[in-house]
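Let's look at a protein model together, one question at a time. Keep the picture open as you read.

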Amino acid sequence: MTPGKFSYPDSPVHYRRLKRPYPKIARGEGVWLHDTEGRSYLDACGGAYVAALGHGSALIGEAMAAQARRFGYVNGTQFTHDPAEDLARALTELSPGLDKAYLLANGGDAVEAALKFARQYWAEAGRPEKTKILSLDPSYHGNTLLALSAGARASYKKLFSDWLVEFPRVPAPYPYRSTGPEDPALSAEAFERAVLSAGPDTVAAFIAEPIGGSSTGCSVPPEKYWRRIRALCDRYQVLFIADEVLCGAGRTGTWSALEPYGVVPDLLVLGKGISGGYAPLSAMLAPRRLVDVVARGSGSLAHNQTFSHHPVTCAAGVAALSIMKEQRLVERCARLGPLFHKKLDALREHPLVGEVRGRGLLAGIEFVADKKTKRPLPRALRFAESLAEAALDRGLVVWPNYGNADGENGDLIMLAPPYIISETELDELVLRLSDAVNTAARSVTVGRTS
Ligand SMILES: Cc1ncc(COP(=O)(O)O)c(C=O)c1O
């Protein structure tokens, strides 16, 4: 890519990346994005697991415009409106056992709302000593300070460590990097130990992603894990918060990634894909039995945000969910999932590919220097980032991440294509990705800096 004027400091934009030029996107259509220079990109990760319905949806655009014409904003403490009522109905119908939806903007907002709700619930239920929140290590739950505290990603937290609060940790269930089937992290024994060590009477909640996101690269815990977690949470009266900001909303082939295990969390956090990315929209879902406690007590969740329950963003959500329902897109993820993973099998043979994993239209590829020992590539090589750049050069957008092996080293590429992707486009995705992997692999001399 040649540096253009869309780079720092030539443009007035304070970009997310200050050391690279940006292609400027002019329009999108389905899984494709087209820039102003005439280049096209297959969006294989929906930006950041967001564009679930593809780009350029006239239906969602029209629904948002129609709502903006009626009224653009009212405050959630003063009024309600059809988009909030309809969206909450649609979300709760999709989530049996969870009958109230608090509507927000970013995933991190909804994570914070869930953490605060858990503490407020116990305080108003007469158990104010239940304040601790347990979370997995590694994990990621967002970038605002409480969400950042909840996550365990050393590199993201380093600069702000004196502003963050401590969360007791539970080793994440990560089969590829576990010590074997007896690993207490895989059996939830480690979770029980952490609850007992913190003191069950002081634990308010446990927050976790049902399928690991960027921090463990789509790692799927063993079959019995979540049922065991559910049982232990019930035994010790710990609220189970499922953070499905990344893995939820149908991407894995069921609306909730916990559905295949028959597990219902106490609080469900959704974001990213629920508006298809057409508006910043997230939600915290809870059962009435919990919300009733706050309704009888203080009367309101202590998490106030100006743009919660926003009419236009809710309208985007209503339109996105009705498209998912009418076009049976969750079922489509379930059907395309095995096919997608079969096509990705082609990558397994590559000497740097340690594992390809995931479920439905969510996949993670972990790269290693040595397949046998699973030794990660040294961070200095920045393999994941080089691969993402090589992919972009080939007109393919993928999501890189690192640090999964030991907090610093470890390279991942994540894939989360729009639910509407065709089988031919899946072939194109794998073709371009294989080519990018070969190029990135050629550019690193494995072992030299290890
Ligand atoms: C699992 C998970 N939770 C929460 C968040 C935070 O969402 P947002 O960036 O919309 O605040 C993310 C973002 O990547 C995520 O992956």
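The questions below are about a predicted model, and they go from a sheet to a pair of helices.

Q: In what order do the four strands of the open sheet come?
A: Strands in a sheet can pair in parallel or antiparallel fashion, through backbone hydrogen bonds. Here the pairing is antiparallel. Reading across the open sheet, the order is 11-12-15-14.

Q: Which strands stand at the edges?
A: Look for strands with a single partner strand, because one side of each is then left without a neighbour in the sheet. The two that fit are strand 11 (353-359) and strand 14 (399-402).

Q: How many bridges join strand 12 to strand 15?
A: Strand 12 covers residues 362-367 and strand 15 covers residues 411-415, and the two run antiparallel. One of the pairings links Phe 367 with Asp 411 in strand 15. The number of bridges joining these strands is five.

Q: Which helix lies across strand 11, strand 12 and strand 15?
A: This helix spans residues 329-344. Its direction is at about 20 degrees to strand 12. The name to remember is helix 12.

Q: At what angle do the axes of helix 4 and helix 10 cross?
A: Packed helices are described by the distance and the angle between their axes. Helix 4 (residues 107-124) and helix 10 (residues 288-296) have axes that come within 9 Å. Helix 4 passes helix 10 in a left-handed crossing. The crossing angle is roughly 65 degrees.

Q: How many nonpolar residues are in the contact of helix 4 with helix 10?
A: Residues that meet there include Phe 117 and Tyr 121 from helix 4, and Leu 290 and Val 294 from helix 10. By class, the contact also has one polar and one charged residue. The nonpolar residues number six.

Notes. Residues are numbered from 1 along each chain as its sequence is written. This is a predicted model: local features need pLDDT of at least 70, side-chain atom pairs count only at pLDDT 80 or more; totals for chains, interfaces and linings use all residues. Side-chain values use heavy atoms; hydrogens and water are left out. Two strands pair if DSSP finds at least two bridges between them. Contact means heavy atoms within 4.5 Å. Axes are lines fitted to C-alpha atoms, for helices over the stretch in contact, and angles run from 0 to 180 degrees between N-to-C directions. A crossing is left-handed if the near helix is turned anticlockwise from the far one by less than a right angle, and right-handed if clockwise. Ala, Val, Leu, Ile, Met, Phe, Trp, Tyr, Cys and Pro count as nonpolar, Asp, Glu, Lys and Arg as charged, and the others, Gly among them, as polar.
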